[in-house]
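Biologist: Please take a close look at a single part of this protein. I would like one connected account of the open sheet and the helices that pack on it.

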Amino acid sequence: VIGSVALVGAGPGDPGLITVRGAHLVAQADVVVTDRLVAPELLDLARPDAEVVDVGKAPRRGPSQEAINGTLVDRARRGLRVVRLKGGDPFVFGRGGEEALALAMEGIPFEVVPGVTSAVAAPALAGIPVTHRGVAASFAVITATLAGGERNDLRRIASVVDTLVVLMAAGRLEEVCGEIGAGGRDTGEPAAVVASAGTPDQRVVVSTLGTLPERAAGAAIEAPATLVVGPVVGLSAILGWGGRVTDGVSVVSRGQAPAHD
Ligand SMILES: C[S@@+](CC[C@H](N)C(=O)[O-])C[C@H]1O[C@@H](n2cnc3c(N)ncnc32)[C@H](O)[C@@H]1O
């Protein structure tokens, strides 16, 4: 008998943000193949006798994509139920599409369980709605870097949407914000970077497109971090909990959600 593979989105940071279906599949799996940005607590859901394969110790240090695909195919061919846990959503800059293609080519039954993507959740956890009536009616999710190291065309995209969400930009904020400005965005526009969203280490720097790189460097912001540019960022002053934004610029910790009574 042939096994199966589920490509499961683990959500960003907070282990509570996996879907019910994703958690159910992890609990049933014979094998869990996990990634760097997956909350470690999610592995506690796995059976004690499940095999756990960690393929994402550090960026560009883990096994190749071909080796990961090979592990999925090999375990499924042995008749095992495999869960491939991926940070956020498997199909948002997660190479989930490549894994699904490899499984399809090998005739391995598979399913995809979508996840909460950091592209929307990281802004949300900082009090930034990516759309807001009368403020932003469109958003784009962009990677700062393409496979092979080429640059994405940020200028073109910057000019056509209201809210820009840029992933994988933490080490290159100056260049990325510069490109967005060169695409016609006002350097005075609100911009924020949200690091380690959904974890106890979450940090948010709110500033303007022109000054954010310097502020983020001053706050020693590191990956994983999500950059958001657009007028919706201004809403974080009211909707972001755990800290006030003063003078348009501040470092905000996650803190506690306001009590509802
Ligand atoms: C390779 S991409 C994978 C995205 C993932 N598939 C998703 O849907 O969230 C990794 C990037 O996602 C963003 N990211 C992932 N987890 C994050 C978190 N907890 N807080 C902020 N950004 C995060 C960062 O921009 C990071 O460089």
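Modeller: What follows describes the sheet, strand by strand, and then the helices. This is a predicted model, in which local features need pLDDT of at least 70, side-chain atom pairs count only at pLDDT 80 or more, and totals for chains, interfaces and linings use all residues. Residues are numbered from 1 along each chain as its sequence is written, and side-chain values use heavy atoms, with hydrogens and water left out.

The average pLDDT (the predictor's confidence in each residue, from 0 to 100) is 90 for the protein, and 90% of the residues score at least 70.

The open sheet has five strands (E runs of at least two residues in DSSP; helices are H or I runs of at least four, both numbered from the N terminus). Their order is β3-β2-β4-β1-β5, with parallel pairing; two strands pair if DSSP finds at least two bridges between them. β3 (51-54) and β5 (110-113) stand at the edges with a single partner strand each, so one side of each has no neighbour in the sheet. From one strand to the next, the twist averages 15°. Angles run from 0 to 180 degrees between N-to-C directions, with axes as lines fitted to C-alpha atoms, for helices over the stretch in contact.

Strand β1 (residues 4-9) is joined to β5 by four bridges, and the two run parallel. Ala6 stands opposite Glu111 in β5. Helix α1 (residues 20-28) packs on the sheet, where it touches β1, β2 (31-34), β4 (81-86) and β5; contact means heavy atoms within 4.5 Å. The direction of α1 makes about 135° with that of β5. Helix α3 (residues 96-105) lies across β1, β4 and β5, and runs at about 170° to β1.
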